[in-house]
Structure formats: structure tokens, C-alpha cells
Amino acid sequence: MNLLYACILYALGHTLNWFAMHCQFVWPWWKGRIILSALAFGVLGVLCFVYGTTHAYKAMGELWGPRFLGFAMSFFIFPVLTWHFMNESMFTLKTMLCVVLSVSILCIQIFWR
């Protein structure tokens, strides 16, 4: 259960931080309001990462596992949000190879005991 909670919190954290960094490119109103976007999205995103790491550490018993889990989760969230809001395809060779590598990293961390 801890691993599931960690994945959900990491996904939410990456989503919030995507908006903190990129909403300035999506909606004109956010352009130039970098501190506001960092406060509005970033603080909650960091809290998701902190609690996600707590759950991942409980499930894996080490800090390297949560680090790679967070990294791998970012490659699920970033391409989808970037495609949806910026119309940048995630179906390029480079991006798909990165997704495959992220899944591989995630599987190694979860299943290699």
C-alpha cells in the first residue's frame, strides 16, 4: 500500500510542479507571475514529494529506490501534460526511449530484491 501511496503522491507532485514551471507558457495571465505560480503550485507539490518519499522509503527501505521512483514517475506525467497543454508530441523516438528507460528503472527498483 505504501508504494501505491508513494506513486500517487509523486504523480500529484509532478503535476503541480509542472504547472508551477510551465503555466507561464500555457496561459498569458501567468506570464511574469513566477513567484505566485511557485507559491500556488510548488509548495503543495513539494509536500507531495516529501510524503511520497516517506511512503516509498517505508516500502523500499532505502532512499535510492524513492529517488528513482520519483524520477520514473516524472516521465509518465511530463509527456502527458506537455502534449495536452503545449501540443508537443510525446511520440518521438527520443521521448519514447526515455519513457521505456523510466519504466525499466522503475521495474528494477520495485522487483529487484
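A residue is called buried when its relative accessible area is under 20%, exposed when that value is over 50%, and partly exposed in between. I begin with this definition because Pro66, at 3% relative accessibility, counts as buried by it. Please keep in mind throughout that the structure before you is a predicted model.

Let me turn to the overall architecture. The protein contains four helices and zero strands, and its pattern along the sequence reads α-α-α-α. The C-alpha trace spans about 50 × 35 × 20 Å along the principal axes. Of the 113 residues in the protein, 37% are buried.

I shall now consider how the helices pack, beginning with H1 and H2. Helix H1 covers residues 2-26, and helix H2 covers residues 34-60. Their axes come within 7 Å of each other and cross at roughly 160°. Angles over 145 degrees count as roughly antiparallel, and H1 and H2 are therefore described in that way. The crossing of H1 past H2 is left-handed.

Next comes helix H3, which comprises residues 64-86. How do H1 and H3 pack, and at what angle? The angle between H1 and H3 is about 45°, and their axes lie 8 Å apart. These two helices are therefore oblique to each other, and their crossing is right-handed.

The remaining pair for discussion is H2 and H3. Here the packing angle is about 125°, with the axes 8 Å apart. H2 and H3 are therefore oblique to each other. H2 passes H3 in a right-handed crossing.

Within H3, I should like to draw attention to two prolines. Pro66 is located in this helix, and so is Pro79. I have already mentioned the burial of Pro66, at 3% relative accessibility. Is Pro79 buried or exposed? Pro79 has a relative accessibility of 6%, so this residue counts as buried.

Each proline may also be set against a partner later in the sequence. Pro79 and Met96 are separated by 17 residues in sequence, and their C-alpha atoms are 9.5 Å apart in space. For Pro66 and Phe91, the separation is 25 residues in sequence and 27 Å in space, again from C-alpha to C-alpha.

Leaving H3, the chain enters the loop that leads to helix H4, residues 93-111. Asn87 is placed in this loop between H3 and H4. What is notable about the backbone of Asn87? Asn87 has a positive phi of about 60°, although the residue is not a glycine. Its relative accessible area is 66%, so Asn87 is exposed.

Finally, I come to the surface. Which residues make the nonpolar patch? The patch is formed by Ile35, Leu39, Val43, Leu44, Leu47 and Tyr51, and its area is about 630 Å². One of these residues, Leu44, has its place in helix H2. With a relative accessibility of 44%, Leu44 counts as partly exposed. This value satisfies the patch criterion, because patches are made of residues with over 30% relative accessible area and no salt bridge.

To summarise, the predicted model has four helices and zero strands. H1 and H2 are roughly antiparallel, whereas H1 and H3 are oblique, as are H2 and H3. In H3, Pro66 is buried and Pro79 is buried, while Asn87 in the loop that follows is exposed. Thank you for your attention.

Technical notes: Residues are numbered from 1 along each chain as its sequence is written. This is a predicted model: local features need pLDDT of at least 70, side-chain atom pairs count only at pLDDT 80 or more; totals for chains, interfaces and linings use all residues. Side-chain values use heavy atoms; hydrogens and water are left out. Patches are made of residues with over 30% relative accessible area and no salt bridge: like charges are joined within 9 Å, nonpolar side chains (Val, Leu, Ile, Met, Phe, Trp, Tyr) within 5 Å. Accessible areas come from the Shrake-Rupley method with a 1.4 Å probe; for residues, only the protein chains shown count as cover. A salt bridge is a side-chain nitrogen of Lys or Arg within 4 Å of a carboxyl oxygen of Asp or Glu. Buried means under 20% relative accessible area, exposed over 50%, partly exposed in between (1.4 Å probe, protein chains only). Axes are lines fitted to C-alpha atoms, for helices over the stretch in contact, and angles run from 0 to 180 degrees between N-to-C directions. Angles under 35 degrees count as roughly parallel, over 145 as roughly antiparallel, 65 to 115 as roughly perpendicular and the rest as oblique. A crossing is left-handed if the near helix is turned anticlockwise from the far one by less than a right angle, and right-handed if clockwise.
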